[in-house]
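Welcome to a short set of exercises on reading a protein model. Try each task on your own before you go through the solution.

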Amino acid sequence: MFGDLALFALLFVLQAGLFFIFHLLALRTFRKRNLLYCTAASAFAATGIVIVIGYFFLSNMFSSAGAWAVSITGSALASLFACGLYTFLGPATADRSLACQMLVSLRESPGGRGTRDTLFHGFNPDGFVEKRIDECKEEAILVEADGELALTEKGQRLADKYIFLLRLLGLKERAGYVQY
């Protein structure tokens with residue numbers, strides 16, 4: 001039982017590790033492409049490779065065929081879930097939240113259709129930024145004094161981590177906003 005659990009964990013960690021390697025390669029190779037497509041392709045490629053490895057090289061190490069099948073399937077699903085979670089919590093979050101807001105707006109409109117004007121009218125750019133400023137102030141990431149915003153120590157550390165992640169993924173092209 002513990003051997004099967006260890007093999008399950010091995011498969012999961014191998015898939016996650018391959019995902020990040022493939023993801024870095026895909027982002028550096030296809031820099032101007034859609035971030036979500038690169039992420040999805042990396043996740044499915046890593047999962048497929050690990051399934052093949054599990055099928056050909058690890059199947060006889062499990063205590064039973066059932067344990068093997070559950071581990072292969074479970075680790076693949078868990079890995080895809082983790083990669084998906086990274087995708088929506090990682091570098092594309094702000095960009096994707098606006099896209100999700102637009103999709104929901106269209107879905108809830110009559111007939112599931114709308115115009116560009118409807119989307120522009122329904123989106124308040126000031127409110128979008130203002131909401132995030134309020135959230136950052138609430139979390140002690142930003143402070144405001146005399147109409148100026150400044151990062152707190154916590155905010156600087158968070159920004160440094162985000163900049164590191166962007167550079168690691170090859171997404172930081174200039175000091176301003178980069179649309180992925």
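**Exercise 1. Decide whether Glu-144 is buried, partly exposed or exposed, then find its salt-bridge partner.**

Solution.
- Step 1: Keep in mind that this is a predicted model.
- Step 2: Look up the accessibility of Glu-144, which is 45% in relative terms.
- Step 3: Compare this with the cut-offs: buried means under 20%, exposed means over 50%, and partly exposed is in between. Glu-144 therefore counts as partly exposed.
- Step 4: Search for a partner of opposite charge, because side chains of opposite charge can pair when their charged atoms come close. The side chain of Glu-144 meets that of Lys-137 in a salt bridge, at 2.8 Å from N to O.
- Step 5: Check the partner too. Lys-137 has a relative accessible area of 33%, so Lys-137 is partly exposed.

**Exercise 2. Work out how many salt bridges there are, and describe the one between Arg-157 and Glu-153.**

Solution.
- Step 1: Apply the rule that a side-chain nitrogen of Lys or Arg must lie within 4 Å of a carboxyl oxygen of Asp or Glu. The count comes to two salt bridges.
- Step 2: Take the pair in the task. Arg-157 and Glu-153 meet at 3.8 Å, N to O.
- Step 3: Place the pair on its helix. Both belong to helix α7 (residues 153–168), and because they are four residues apart there, about one helical turn separates them.
- Step 4: Compare with the cut-offs again. Arg-157, at 46% relative accessibility, is partly exposed, while Glu-153, at 61%, is exposed.

**Exercise 3. Describe how strands β1 and β2 are arranged, and what is special about the turn.**

Solution.
- Step 1: Find the strands: β1 covers residues 142–145 and β2 covers residues 148–151.
- Step 2: Look at their direction. They run antiparallel and are joined by four bridges.
- Step 3: Match up the residues. Val-143 stands opposite Ala-150, and Ala-145 stands opposite Glu-148.
- Step 4: Go to the turn. The two strands form a hairpin with two residues between them. Asp-146, in the loop between β1 and β2, has a positive phi of about 55 degrees although it is not a glycine.
- Step 5: Recall the background: most residues other than glycine have a negative phi.
- Step 6: Check the accessibility of Asp-146. Its relative accessible area is 83%, so Asp-146 is exposed.
- Step 7: Look for another such case. Ala-140 has a positive phi of about 60 degrees and is not a glycine either. Ala-140 sits in the loop between α6 (125–138) and β1 and is partly exposed, at 41% relative accessibility.

**Exercise 4. Find out which residues Phe-62 and Ser-79 touch beyond their sequence neighbours within four places.**

Solution.
- Step 1: Locate Phe-62, which is in the loop between α2 and α3 (65–89). With a relative accessible area of 7%, Phe-62 is buried.
- Step 2: List its contacts: Asp-4, Leu-7, Leu-11, Ala-67, Trp-68 and Ser-71.
- Step 3: Compare sequence with space. Phe-62 and Asp-4 are 58 residues apart in sequence, yet their C-alpha atoms are 5.7 Å apart.
- Step 4: Turn to Ser-79 in helix α3. Ser-79 is buried, with a relative accessible area of 1%.
- Step 5: List the contacts of Ser-79: Phe-12, Gln-15, Ala-16 and Thr-47.
- Step 6: Look at helix α1 (residues 2–29), which has 28 residues and reaches 40 Å from first C-alpha to last. Its buried residues include Asp-4, Leu-7, Leu-11 and Gln-15.

**Exercise 5. Find the residues of the nonpolar surface patch, then describe the chain as a whole.**

Solution.
- Step 1: Pick out the patch. Val-52, Tyr-55, Phe-56 and Phe-57 make a nonpolar surface patch of about 480 Å².
- Step 2: Take one member. Tyr-55 lies in helix α2 (residues 35–58) and, at a relative accessible area of 47%, is partly exposed.
- Step 3: Step back to the chain. Seven helices and two strands make up its secondary structure, in the order α-α-α-α-α-α-β-β-α from the N terminus.
- Step 4: Finish with burial: of the 180 residues of the chain, 26% count as buried.

How values were computed:
Residues numbered from 1 in each chain as written. Predicted model: local features only at pLDDT ≥ 70, side-chain atom pairs only at ≥ 80, totals over all residues. Heavy atoms only, no water. Patch = residues over 30% accessible without salt bridge, like charges linked within 9 Å, V, L, I, M, F, W, Y side chains within 5 Å. Areas by Shrake-Rupley, 256 points an atom, 1.4 Å probe, with all protein chains shown as cover. Buried < 20%, exposed > 50% of the residue type's maximum accessible area, 1.4 Å probe, protein only. Contact = heavy atoms within 4.5 Å. Pairing = 2+ DSSP bridges. Expected span 1.5 Å × (residues − 1).
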